[in-house]
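Student: I'm new to this one. Could you take a close look at a single helix for me, and then show me what else is around in the protein?

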Amino acid sequence: MNINECFKVLEIETTDSMQDVKQAYRDIVFVWHPDKFCNNQRIKKKAEKKLKQINEAYENLKLHLLTQLPQLTEIIISPDSIELEYNQALSFTVFGINSEGNKSEIEQAIWESSGGTIYQDGLFFADDNPGTYLITATAANFQAYAKVLIKIKKSLNNSPINNKYLTQEEEFSQLNSHIEQKNNVIIQLLLLVFGLIVGAYVVWVTFILLIIIAALIGTLFGLWTENINIL
């Protein structure tokens, strides 16, 4: 199967883009995957034959494009230098520079860090140890480096005290104290609202009782007056 036939099998125009070839391959595999025709064995056999042609065309085009692409000459991490504080996160990216001086995509890199925590997608988390750390990305036998300066600026009262850095335990203690203060304020507000409600209820009940007492006194006075008049 020649290259032109491979493009026809994948149903795309001639291109030098590996990304376009991959997308075309995914699309046509989705259409012709044999598992979609389990209820029709005749069509399923045709789909299996078609899928073999598709896979062969894709492998041929991959090999063709890889030999045609400019060679990678170096890889670069972005950003190459950054300052972070404790518990901050940052996603590093890596890209290649080919022999023509153009950027090229790096599909997979191995990430390492001399401090903090970095995951294999380039996501870095700063820990509670201040210092300068080296981020390393390795891809296609090339390595790239980036410096990360981690600073811990927060103190026990949110301002520097004797230039002392917070430990993780101290930050947790400060956070718990802050939460406790907030809870105390909420409790005091709830007690105040409850007191106002109770006070209003007492005033209302007292007012009703006074009205009832006044009515009883009025009634008794009326009865007493009637008795006086009768006598």
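Tutor: Sure, let's start with helix α2, residues 18-32. At 1.5 Å a residue, its 15 residues should span 21 Å (the expected span is 1.5 Å times one less than the number of residues), and the end C-alpha atoms are indeed 21 Å apart, so the two agree. Inside α2, the residues M18, V21, K22, A24, I28 and V29 are buried, where buried means under 20% relative accessible area with a 1.4 Å probe, protein chains only. Look down the axis of α2 and its buried residues fall within an arc of 165 degrees, so they line one face of the helix; that arc is taken from the directions from the helix axis to the C-beta atoms.

A quick word on the model: it's predicted, so local features need pLDDT of at least 70 and side-chain atom pairs count only at 80 or more, while totals for chains, interfaces and linings use all residues. Residues are numbered from 1 along each chain as its sequence is written, and side-chain values use heavy atoms, with hydrogens and water left out.

Now step back from α2. The protein has four helices and 10 strands, these being DSSP runs (helices H or I, at least four residues; strands E, at least two) numbered from the N terminus. Along the sequence the pattern reads α-α-α-β-β-β-β-β-β-β-β-β-β-α. Of the 231 residues, 23% count as buried. Among contacts with a separation of 6 or more, 50% come from residues 24 or more positions apart, a contact being heavy atoms within 4.5 Å.

Conventions. Buried means under 20% relative accessible area, exposed over 50%, partly exposed in between (1.4 Å probe, protein chains only).
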